[in-house]
Every structure is written in C-alpha cells, then in structure tokens.
Amino acid sequence: MTILTRHMIGLLAGAMALTGATIGVTSAQSVAPADQSEIQSIIRMQVDAFMADNSSTAFSFAAPSIKNMFGSDERFMSMVRQQYPQVFRPQSFEFGRLKSSPTGPVQEAYITGPAGKDWLAVYTLEQQADGSWKISGCYIVPDNGAKV
C-alpha cells in the first residue's frame, strides 16, 4: 500500500468513524503536544488492559457514549474480544499520525493482529468536561503496506 493510499484510507476511516460520512480531516496542528501525549497514553493503557484481561480498566478509558451503549465492562470486553481481536491481542502496536477533525482528534495506530496480519486502527476521541480524553470509537481496516 502506498503512502498516499494509506493516508486516504486513514482519512476516510476517521471520517466514517466520526460521522458516517466523508468529512475533511486536518493536520494535528490544533492538538496540543500535552494532549497528543495523553491521547496516546490512554489508547496504550486501554490496549494493555485488554492484554491483561482487565475489563474494568479497559472500560474506564471509554467515552460516556460507549459506556452507555454497553452498560458494563464485561459486555464491552466481550465485544472487543469478538469483534476487535487485533486490538484485544496485538502482536505489535505502533502509533501513526494524530489528526484533528471537526469533532475531535483522530489517532492512527498500526497493529499486527494475533494471526500476523497488519491493520490500521483509527481511534476517535472526545475531550471531557474535566479536560481528560476518552476513546469514543475505533475503526479498523486492513493495512498491507510498509509502516511510514
């Protein structure tokens, strides 16, 4: 997969995850460095919690809309285990670009799943009233190219 193709898939996936329609995604210029660090830390801690089978910690990083959708950490963990095995048990996990969108940051991550296949995960995040960040969604597409 070329760099341009990967970039286009990342933009489309992020936009679809945010609104279900194609919207423009801009560079991360409006995401402060401290926020960039916190966003990546939250995603990393959630993946670590998945790998440790710690459902309450993994669920704690989810946005209120996700918590309301699943109702409990056990139901959330079951969904991730079944529908997102790449995130639940990655062989490798590396952050890509962080972009801004009209509804919040979009963080890319390159994942090698449990079966050795490469994936691009696109995380959407929401800033909470207290200033913290929570994961509001994750969209995964196959990634057959070299990491940039």
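Here is a walk through this predicted model, from its sheet to its core, its aromatic rings and its salt bridges.

Let's start with the sheet. It is an open one, built from 4 strands in the order β1-β2-β3-β4, with antiparallel pairing. At the edges sit β1 (92–101) and β4 (133–142), each of which pairs on one side only. If you look at how the strands are twisted, neighbours are turned by 25 degrees against each other on average, ignoring direction. Helix α2 packs on this sheet and touches β1, β2 (104–112), β3 and β4. The direction of α2 makes about 140 degrees with that of β1. Over at the β3 side, strand β3 (residues 118–127) is joined to β4 by 9 bridges, and the two run antiparallel. To pick out one spot there, E126 has K134 in β4 as its bridge partner.

Now for the nonpolar interior. The largest nonpolar core has 32 residues, and the members that touch the most others are I43, F50, F76, V87, F93 and Y123. The element that gives the most to this core is helix α2 (residues 33–51), with 6 residues. There is also a second, separate core of 5 residues, with V106, L120, V122 and V141 among them.

F76 is a good residue to zoom in on. Leaving out residues up to four places away in sequence, F76 touches Q46, F50, A58, F59, I66 and F70. Some of these neighbours are aromatic, which brings us to the rings. The whole structure has 5 aromatic pairs. In one of them, the ring centres of F50 and F76 are 6.1 Å apart and the planes stand at 40 degrees, so this pair counts as tilted. F50 belongs to helix α2 and F76 to helix α5 (residues 73–83), so the pair ties together parts that are 26 residues apart in sequence. F50 is buried, with a relative accessible area of 2%, and F76 is buried too, at 6%. F76 also forms a tilted pair with F59, with 5.3 Å from centre to centre and 45 degrees between the planes. Here F59 comes from helix α3 and F76 from helix α5, so the contact ties together parts 17 residues apart in sequence. Put the ring pairs together and you get a cluster that links F50, F59, F70, F76 and F88.

What about charges? Side chains of opposite charge can pair when their charged atoms come close. This structure holds 3 salt bridges. One of them is between the side chains of R89 and D53, at 2.7 Å from N to O. That pair links distant parts of the chain, 36 residues apart: R89 is in the loop between α6 (85–88) and β1, while D53 is in the loop between α2 and α3 (55–60). R89 is partly exposed, at 29% relative accessibility, and D53 is partly exposed as well, at 47%.

Back on the sheet, R97, K99 and E108 are linked in a network of salt bridges. R97 meets E108 at 3.1 Å, N to O. Since R97 lies in strand β1 and E108 in strand β2, the pair ties together parts 11 residues apart in sequence. In the bridge between K99 and E108, the closest N and O atoms are 2.5 Å apart. Which members of this network are buried? K99 and E108 both are, with E108 at a relative accessible area of 0%, whereas R97 is partly exposed at 31%.

Note on methods: Residues numbered from 1 in each chain as written. Predicted model: local features only at pLDDT ≥ 70, side-chain atom pairs only at ≥ 80, totals over all residues. Heavy atoms only, no water. Core = buried A, V, L, I, M, F, W, Y, C linked by side-chain atoms within 4.5 Å. Buried < 20%, exposed > 50% of the residue type's maximum accessible area, 1.4 Å probe, protein only. Contact = heavy atoms within 4.5 Å. Pairing = 2+ DSSP bridges. Axes fitted to C-alpha atoms, helices over the stretch in contact; angles between N-to-C directions. Salt bridge = Lys/Arg side-chain N within 4 Å of Asp/Glu carboxyl O. Phe/Tyr/Trp six-rings, centres within 6.5 Å; stacked < 30°, edge-to-face > 60°.
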